[in-house]
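Reader: I would like a close look at a single part of this predicted model, namely the region that an annotation singles out and the charged pairs that go with the helix there. Please take it step by step.

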Amino acid sequence: MGIPEGSDSTCEPVTLESIGKLMDKKLAPDSSFMSNLRAALLKDLKDMVAVEVGRAIGVVQADFTTTTDFITLEQKDIKLDIAEKDNRIKQLELELLKSQNSLAKIQSRLSTVEKISRDLNLEIHEVPESKTEDVVTLFKKVCDSLQVEVSENDIKACRRVAKMNIDNT
């Protein structure tokens, strides 16, 4: 055993008490050893925290990038799908408009045809109805009693029209 550091150059015997005093002196909160130790620990701790925070930030950035890339792809897919649906809606609207125009033309033609067909109609009211009647024969009898000559070729169709009041006998 040599001379403890920081002791006087006078030779004192090394004892537990002298070692304890030296330790107390070195470990005292205001000693240069403790200040240096605290500074070294603080620096090491800061470096370790910086490394761990850097790693955590890297992981978060990677996750964020992955998430935003996924969201961007999904958004593009949704935009494409919406564009396709929008085009389909526009096509269907055009087809509907064409169909409506065509229907209007057909309705107009049908109305004209119905008017023309009614030009040749003859309506007879107050003719008693029976379940076994033949409307063509009944019409011919009415024409005979009125002394009007009608040939079979003159009759296009002959039908009874439904009563407005179904309870009327």
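Author: Over residues 75-109 the chain of this predicted model is 100% helix and 0% strand, and the C-alpha atoms at the two ends of that stretch are 50 Å apart. Residues 75-109 are also what UniProt lists, in an unreviewed entry, under the name "coiled-coil region".

Within that stretch, Lys-85 forms a salt bridge with Asp-81, and the closest N and O atoms of the pair are 3.7 Å apart, which falls inside the 4 Å cut-off for a salt bridge. Lys-85 and Asp-81 are four residues apart in helix α2, so about one helical turn separates them. Asp-81 is partly exposed, its relative accessible area being 36%.

Helix α2 itself spans residues 32-119, and another of its pairs, Glu-52 and Arg-55, is three residues apart, again a separation of about one helical turn. Here the salt bridge has its closest N and O atoms 2.8 Å apart. Glu-52, with a relative accessible area of 46%, is partly exposed, whereas Arg-55 is exposed at 52%, a value that counts as exposed because the cut-off is over 50%.

A search of the whole structure finds six salt bridges, and one of them lies outside this helix: Glu-152 pairs with Lys-140, with the closest N and O atoms 1.7 Å apart. Lys-140 lies in helix α3 and Glu-152 in the segment after α3 (135-145), so this pair ties together parts that are 12 residues apart in sequence. Glu-152 is partly exposed at 47% relative accessibility, and Lys-140 is partly exposed at 28%.

Terms used
Residues numbered from 1 in each chain as written. Predicted model: local features only at pLDDT ≥ 70, side-chain atom pairs only at ≥ 80, totals over all residues. Heavy atoms only, no water. UniProt positions renumbered as here; feature names shortened; annotations may be inferred. Salt bridge = Lys/Arg side-chain N within 4 Å of Asp/Glu carboxyl O. Buried < 20%, exposed > 50% of the residue type's maximum accessible area, 1.4 Å probe, protein only.
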